[in-house]
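The exercises below go through one model, each with a task and a stepwise solution. Work each task before reading its solution.

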Amino acid sequence: MTRVRFAPSPTGFFHIGSARTALFNWLYARHSGGSFILRIEDTDAARNTEQALTVLIDGMRWLGLDWDEGPESGGEYGPYFQSERRAIHDAYIDRLREVDRIYEKDGALWFRLEGERHTVYDDFRKKEVEKVRSAPIVIEDAVRGRVEKELDEDFVIVRASGDPVFHFVNVVDDITMGITHVIRGEDHLSNTPKHAALFDALGAPRPVFAHIPLILKSDGPGKMSKRDRGALIEEYQRRHFLPAAVRNYLCLLGWSPKDDREKMAPEELIERFDLDGINRGNARFDEQKLVHLNGAYLRELPLETYAWMARPVLHDAGIVDDETPEDDVQSVLEICRGKVNLLEDLPGYADYFFRDDYAFDSAAEKRVFKKGDPLADLERVYRTLEKLDDFSAESLERTFAGLAESAGVKPFAYFPVTRFAVSGRAGGPDFYAMLRVLGKERTLGRIRRVLKERKGS
RNA sequence: GUCCCGUUCGUCUAGCCAGGCCUAGGACACAGGGUUUUCAUCCCUGCAACAGGGGUUCGAAUCCCCUACGGGACGCCA
């Protein structure tokens, strides 16, 4: 039975790299029919708060990563908060003591390596250190293959304060929770020999290690840090990204299904995910591709779902409020669906349906008034629509066709200036649908206003 | 500084482990064109990469070595 875990430290942020680690673990568990365990490594009291935990759990839920064991789920290997596992850690300290691999120095407990000792001056750390000549530790990493590293220094496993350190508790918890596969970021690769040595010293079988590449910032050097745009899951939640899109994009960063498939449903992802599809090289974060995927997911949402998600976005942006008739919102959403890649762009895309003080885009204005006599066209449109009572799309289409024919032009000739007048921009939803939703009164009012302002100046 | 890992289009990647099927495939972005009488979608075309050098081989993106570059780790943080 495969048992994998995601073991975050609640810091108050849910980093995209952590999220991807969680996702890979989750996928692997689901793929292999094993268990996915959430273990909270909350031993650093200084930065651990209840709110930090909430951020993490909300983020996990939002991404759809459910855990079989952990906080709020329970399980037979608890507690799932590292801070509550102290008795277990102590017992394992005793075990190490029994096999004589522990000694005390400066009030702390050190793990003793086996091998010849000598002292050298470390000029990076500017001090004398005791080195140990020991056999290299060999890790068979599921992603990177054979990794060999020599451990040459004893290390602290219990601080002078009495608190055990990460390397130790992490290993003990993995042993006692029966973890079979440790899938984590490559930044832990250098630590792994220490962990392997502890597994060995404790007489426990090592788990399979799989170190996944890091996510690098979109520009500039280094890995994504919490201050970078797009680094936090909270940001995607706040910006109304679709979790399915974020999840899908994250899969593609550092893992490949080996063929040309990119947009994949969870079932397919689970079906196809495997450790040997994980890449070795670090991946650079690219928001554009995420946005594209988000748009693709948005476009295939049923209208009901789309409206259900989009409505609060318009609300939050202050575009609509409780006074706004539901039917109006619904009609606008119907014709705007699939037009933007991000729900957060919707308010800016559709605001003019709900207010008359919409902005006029100067680039659009230039284009519209570049040639011909757009004002004359607009006037003709006005006089024609004035006499039209049926503002259905079909009726509007017939009307514009008639208007165009009598002038010997294509109906399209009237679109840009009309659209500009009623919306202030060059793009938007389907032309006739837009006029239909705006309705006769508002359409005429807006055209009249533009006509008046333009003629006056 | 030491150690570990990596390096295919601007970006994510396929191909590498099992060398010839690679005049290196796909996607995002970008540029052109088409469909849509408009917007978006969609479709087509284009642009664009095996880090460099040595070696092994009849043959190397694929195997080996070196260099360069990138990333990470070196905490009584996790």
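Buried means under 20% relative accessible area, exposed means over 50%, and partly exposed lies in between. The model is predicted.

**Exercise 1. Classify the partners of two salt bridges by accessibility.**

Task: Decide whether Arg355 and Asp351 are buried, partly exposed or exposed, and find the N to O distance between their side chains. Then do the accessibility step for Arg261, which pairs with Glu268.

Solution.
Step 1. The side chains of Arg355 and Asp351 form a salt bridge, with 3.8 Å from N to O. The cut-off for such a pair is 4 Å.
Step 2. Arg355 has 33% relative accessibility, so it is partly exposed.
Step 3. Asp351 has 10% relative accessibility and is therefore buried.
Step 4. In the salt bridge of Arg261 with Glu268, the closest N and O atoms are 2.6 Å apart. Arg261 is partly exposed because its relative accessibility is 37%.
Step 5. For context, side chains of opposite charge can pair when their charged atoms come close. The count for this model is 38 salt bridges.

**Exercise 2. Place a salt bridge in the chain.**

Task: State which parts of the chain are tied together by Asp389 and Lys440.

Solution.
Step 1. The two side chains meet in a salt bridge at 3.1 Å, N to O.
Step 2. Asp389 lies in the loop between helix H14 (374–386) and helix H15 (393–407), and Lys440 lies in helix H17, so the pair ties together parts that are 51 residues apart in sequence.
Step 3. Asp389 has 68% relative accessibility and so counts as exposed, while Lys440, at 22%, counts as partly exposed.
Step 4. A further case involves several residues: Arg5, Arg39, Glu41, Arg85, Asp173 and Asp174 are linked in a network of salt bridges.

**Exercise 3. Describe the surface near RNA strand B.**

Task: Find how many residues surround RNA strand B, which elements supply at least two of them, and how the residues divide by type.

Solution.
Step 1. RNA strand B is surrounded by 60 residues, and the closest are Arg159, Glu262, Lys339, Pro411 and Asp430. Of the strand's atoms that come within 4 Å of the protein, sugar and phosphate account for 70%.
Step 2. At least two residues each come from strand E8 (145–149), helix H4 (166–176), strand E13 (283–284), helix H9 (287–299), helix H16 (415–423) and helix H17 (431–456). H9 has the largest share, with 4 residues.
Step 3. By type, the residues are 19 nonpolar, 17 polar and 24 charged.
Step 4. Specific atom pairs can now be listed. Polar side-chain atoms of Asn282 and a sugar or linking oxygen of RNA strand B are 2.8 Å apart at one pair. For Ser9, a polar side-chain atom is 3.4 Å from a sugar or linking oxygen of the strand. A polar backbone atom of Phe431 lies 2.8 Å from a base oxygen.

**Exercise 4. Characterise the largest pocket.**

Task: Give the space in the largest pocket and the residues closest to its centre.

Solution.
Step 1. The largest pocket holds about 1,200 Å³ of space.
Step 2. It is lined by 41 residues, of which Ala7, Pro8, Ser9, Ser18 and His188 are the closest to the centre.
Step 3. Two or more lining residues come from each of strand E1 (3–6), helix H1 (16–32), helix H3 (86–98), H4 and strand E10 (181–185). H1 gives the most, with 4 residues.
Step 4. The lining divides into 15 nonpolar, 14 polar and 12 charged residues.

**Exercise 5. Examine three loop residues.**

Task: Locate Arg144, Asp100 and Lys258, and note the phi values of Asp100 and Lys258.

Solution.
Step 1. Arg144 sits in the loop between strand E7 (137–141) and E8. Its relative accessible area is 19%, so Arg144 is buried. A polar atom of the Arg144 side chain lies 2.6 Å from the backbone oxygen of Arg280.
Step 2. Most residues other than glycine have a negative phi.
Step 3. Asp100 has a positive phi, near 60°, and is found in the loop between H3 and strand E3 (102–105). At 47% relative accessibility, Asp100 is partly exposed.
Step 4. Lys258 also has a positive phi, near 80°. Lys258 lies in the loop between helix H7 (243–252) and helix H8 (266–272) and, at 62% relative accessibility, counts as exposed.

Conventions. Residues numbered from 1 in each chain as written. Chains lettered and ligands numbered in written order. Heavy atoms only, no water. Near = heavy atom within 4 Å. Polar contact = N/O pair within 3.5 Å; in protein donor to acceptor, adjacent residues only side chain to side chain. Nonpolar A, V, L, I, M, F, W, Y, C, P; charged D, E, K, R; others polar. 1 Å grid on protein atoms, 1.4 Å probe; cavity = no way out; pocket = protein on both sides within 12 Å on 5 of 7 lines; lining within 4 Å. Points joined across faces, edges and corners; volume = space filled by probe spheres on them. Buried < 20%, exposed > 50% of the residue type's maximum accessible area, 1.4 Å probe, protein only.
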